[in-house]
Amino acid sequence: MLKFRTVHGGLRLLGIRRTSTAPAASPNVRRLEYKPIKKVMVANRGEIAIRVFRACTELGIRTVAIYSEQDTGQMHRQKADEAYLIGRGLAPVQAYLHIPDIIKVAKENNVDAVHPGYGFLSERADFAQACQDAGVRFIGPSPEVVRKMGDKVEARAIAIAAGVPVVPGTDAPITSLHEAHEFSNTYGFPIIFKAAYGGGGRGMRVVHSYEELEENYTRAYSEALAAFGNGALFVEKFIEKPRHIEVQILGDQYGNILHLYERDCSIQRRHQKVVEIAPAAHLDPQLRTRLTSDSVKLAKQVGYENAGTVEFLVDRHGKHYFIEVNSRLQVEHTVTEEITDVDLVHAQIHVAEGRSLPDLGLRQENIRINGCAIQCRVTTEDPARSFQPDTGRIEVFRSGEGMGIRLDNASAFQGAVISPHYDSLLVKVIAHGKDHPTAATKMSRALAEFRVRGVKTNIAFLQNVLNNQQFLAGTVDTQFIDENPELFQLRPAQNRAQKLLHYLGHVMVNGPTTPIPVKASPSPTDPVVPAVPIGPPPAGFRDILLREGPEGFARAVRNHPGLLLMDTTFRDAHQSLLATRVRTHDLKKIAPYVAHNFSKLFSMENWGGATFDVAMRFLYECPWRRLQELRELIPNIPFQMLLRGANAVGYTNYPDNVVFKFCEVAKENGMDVFRVFDSLNYLPNMLLGMEAAGSAGGVVEAAISYTGDVADPSRTKYSLQYYMGLAEELVRAGTHILCIKPSMGALVACTRGTPLDTEVPMERVFDYSEYWEGARGLYAAFDCTATMKSGNSDVYENEIPGGQYTNLHFQAHSMGLGSKFKEVKKAYVEANQMLGDLIKVTPSSKIVGDLAQFMVQNGLSRAEAEAQAEELSFPRSVVEFLQGYIGVPHGGFPEPFRSKVLKDLPRVEGRPGASLPPLDLQALEKELVDRHGEEVTPEDVLSAAMYPDVFAHFKDFTATFGPLDSLNTRLFLQGPKIAEEFEVELERGKTLHIKALAVSDLNRAGQRQVFFELNGQLRSILVKDTQAMKEMHFHPKALKDVKGQIGAPMPGKVIDIKVVAGAKVAKGQPLCVLSAMKMETVVTSPMEGTVRKVHVTKDMTLEGDDLILEIE
């Protein structure tokens, strides 16, 4: 009894109740005995063997595999119910061509039928006959049909007899080079040699001239002989730039023949198919009818049964030519299965059992095309080296899957060994969609998901094919690859493991890559992460925000009876205590605990402010990735960021469109609350930031920056009335919230049991604090207590903000001013007055701090600095502030100091961003792609817009050293110890096992060789010893008594050189730019003259007074 279901307008066999008698056949067909197959052997290997095994298992048929001595570890023998060795002592390929051994295994193990797969013996008539003689069914055409179709010359004659057009060619295999000459004389070039007894591109050579004839004839003959055991060739006229179209046919033993439409196999390399598509795009319906009709006509001409393929060339005028019949299942049969919903292997087996096509529900009128399917052959070949096959052990394998994706593979798994003995096919990827563009999109996505390490693959090449506009338009021909050289512009592999070894080796040799003020090692003990319950965290205030929007959220906050808390541990706390150095690695560890235990929080401030640039500048991690990862771990608590008004997360103003886009992308990545402030309380800047945050859909939380003492009647500049008036302006501007920040633990304790109870369990706060106490030990070198052993009440006198106080102390130590910090604090007061008594919050506090350190570094008092203002090279931040780049301070700019410093430099009037032209973000994205040669995200574009130099260094650094955020903090800061073993998780399920083995002595090039064991394999890298190389070279110092010698005003790195030797310079003209600890200084010329010699190069690190250049 047969059971059917309707699928896409056709019928598909679901199952058969197996009986020993034949079912009732149609009256117009002859009755044959139905013999069920109980055991099938596949005379093949790899993915096609597994494909057939799967079909047999679905039909309840037992399976048998054969394998060579070289294939003992291959997956196909493990997928079968039984597996037997063949060809003992034979060469790898010859084992699968040894018919006596294969027949012997079949007979000894009661095999009912043999499926030949494709390649090897699949088109050998003698093998089909041997099976028949042994009483074993051959799942394919009869031996006679295999013989006729396998002989390309005879197949050509049959096509002519059937009235099918053919390409001009020889009627029989040629036996000499002379015959090839005669054919060329008759039909002209180009011509093509083809193996008479096989296909797959082997024994095939195109010849364009007499000079190429002999060599190509010899090579084609040799290839055909090696591949098929017979070197016979025939020659045809070569059709230039045709489409290669093939038609899938299926016949039974009752004379029924049908087609399953066509496949376009035009994308070829060396006549071997690379990408196959079904149906052929933009194929004229009348041409499709001619192709399918001719295919069925040809099959009936020879009494074809089982599955086969009729192949054609279609020229540019739509004329088709028969080229050959493949009397077997094709590699690309999968795309036909996807668009017709017909399982070809099931059909092959049922036909071999004696079933008729109508019995199987396979009638021509029921076969319909459903969408489009594309197959890509992922091979272990290197496209950068002319597709040279690669061999070795697959160290990592991850496939692309999902809706519309099918994978047929055998050797694609971690640990598989790719040998040089067989075909380089690794996995067939099949994408099915409603049309050609949809299928292409799915395929592109699937290929992008693949990760194969240990052997080279052609995936990057396939991705280029899928992204090619000609391919997407469906207008390819057989010359597509040859005519599109850009397909070989391949993206390099990530190679993360080796890059990480380079970083670890660099740290082992040269010490930390981020500046460290004191020699303090990270704690050897990792912080204890409190237990977190399984399952999603409880609902929080973010659920209200997502459901009701910012206004509803603000309303819920106002209506909440208790006190709501904002946790600043993830940003402000480590900015104040640990120089903003806490890494995402340690934030992620505690994040799930926060989500589960502090769901009642109003918000978590975990992003923005100094964390943005420090992440890239010193931690070498992407701030956007931090936001994304924390958002995933903490989905229930609103996230809050510090937005510096029109400064966004930078230290200067940006074009308005950059600020708006920044807020938009931040919101898309999970940011909720934007705490907007301006360091000068400059209202136009604040309103711009508030508008940008609000238009992005965020909660606007306006904050007023405070300085001075409102209780002191002598301090009249920043009075209580000033702050009250500012608050009223912000409320009128539409802010949702105003804020204040006391201590979390204190508030939890003092409100417990009161109407203002925070509902935060005190014991959970204790566990939270314990984690951070342990984590703090990892950052011992940055801890404020490393350089500042106690608090100091003089902050009330010098008005240094708390967050800046610790950073300034750390910065002073890094610049060699640690012993002069008392002078720095005094200079801070003077610098503040020189600049007009500013509100001091980043970036204005940084400007004051930069000026204070500059004064101490150069031994300047306020009076001296003001008197020499026209000649001094002030820090860039000071100059840009005076130009008006961050806004207008309350009370205006200090004069005449401003005019002396700026001289003829341009000045900004009003809100800086208002006069800046919009930044072309698309052009910036293109520039980034051109520079970094990889896909650039909208987040990357904004990072580059905010910090172009920092972002460029970050990208270059991580391109060299890989994903450093995968290292734990101890390894990141000080590297491993010799003989230390550790694991690095690149991503979930991908872990590197590393052991540091040794560091060699210094070689003559100033390098040391560092040895590791990576996943059990020895790796070594060469690392430059920067200290040793520096000791080999002594940089000259500028002599203060020699006029014209320009020295570095501070330690730092040269980031730009503005002049060259021989250039004429004017007094005050910029010479070079130095950077140290986020402070940039433009060194200007103190005199007119000509540059005699430049002593520095870009990226050179200088000490104070190191000679920069000489002027005469």
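This short talk walks through a predicted model of one protein, from its overall make-up to a few helix contacts and some individual residues.

Let me begin with the conventions. The model is a prediction, so local features are reported at pLDDT of at least 70 and side-chain atom pairs at pLDDT 80 or more, whereas totals for chains, interfaces and linings use all residues. Residues are numbered from 1 along each chain as its sequence is written, and side-chain values use heavy atoms, with hydrogens and water left out.

Now the overall picture. The secondary structure comes to 39 helices and 42 strands, where helices (H or I, at least four residues) and strands (E, at least two) are DSSP runs numbered from the N terminus. The C-alpha trace spans about 115 × 75 × 60 Å along its principal axes. Of the 1112 residues, 56% count as buried, and buried here means under 20% relative accessible area, with exposed over 50% and partly exposed in between, for a 1.4 Å probe and protein chains only. If we take the contacts with a separation of 6 or more, residues 24 or more positions apart account for 68% of them, a contact being heavy atoms within 4.5 Å.

Let me turn to helix packing, beginning with α4, residues 99-108, and α5, residues 125-133. Their axes are 10 Å apart and the packing angle is about 30°; the axes are lines fitted to C-alpha atoms, for helices over the stretch in contact, and angles run from 0 to 180 degrees between N-to-C directions. The two helices are therefore roughly parallel to each other, given that angles under 35 degrees count as roughly parallel, over 145 as roughly antiparallel, 65 to 115 as roughly perpendicular and the rest as oblique. The crossing of α4 and α5 is right-handed, which is the term used if the near helix is turned clockwise from the far one by less than a right angle, anticlockwise being left-handed. On the α4 side the contact is made by Ile 99, Ile 102 and Ile 103, and on the α5 side by Asp 126, Phe 127, Ala 130 and Cys 131. By class that gives 6 nonpolar, no polar and 1 charged residues, where Ala, Val, Leu, Ile, Met, Phe, Trp, Tyr, Cys and Pro count as nonpolar, Asp, Glu, Lys and Arg as charged, and the others, Gly among them, as polar.

Further along the chain, α23 (residues 683-695) and α24 (residues 720-732) have axes that come within 11 Å and cross at roughly 30°, which makes α23 roughly parallel to α24. This crossing, too, is right-handed. Leu 683, Met 686 and Met 690 of α23 make the contact with Leu 726, Glu 729 and Leu 730 of α24, and these residues divide into 5 nonpolar, no polar and 1 charged.

What angle do α7 and α10 make when they pack? The angle is about 110°, with the axes 9 Å apart, so α7 is roughly perpendicular to α10. Here Ile 158, Ala 159 and Ala 161 in α7 meet Leu 298, Gln 301 and Val 302 in α10, a contact with 5 nonpolar, 1 polar and no charged residues.

Both of those helices also appear around α6, residues 143-150. Within α6, the residues Pro 143, Val 145, Val 146, Met 149 and Gly 150 are buried. They cover an arc of only 160° around the axis, and therefore lie on the same side of α6; the arc is that of the directions from the helix axis to the C-beta atoms. What covers them includes α5, β7, α7, α10 and β15.

I will close with some local backbone features. Pro 279, in the loop between β13 and α10, follows Ala 278 through a cis peptide bond with omega near -5°. Pro 279 is buried at 14% relative accessible area, and, leaving aside neighbours within four places in sequence, is in contact with Glu 262, Arg 288, Ile 339, Ile 369, Gly 371 and Cys 372. A cis bond also joins Phe 189 and Pro 190, with omega about 0°, and Pro 190 is in the loop between α8 and β8.

Finally, two residues other than glycine have positive phi. Ala 648, in the loop between β27 and α22, has phi near 55° and is buried, with a relative accessible area of 0%. Asp 1099, in the loop between β40 and β41, has phi near 75° and counts as exposed at 51% relative accessibility.
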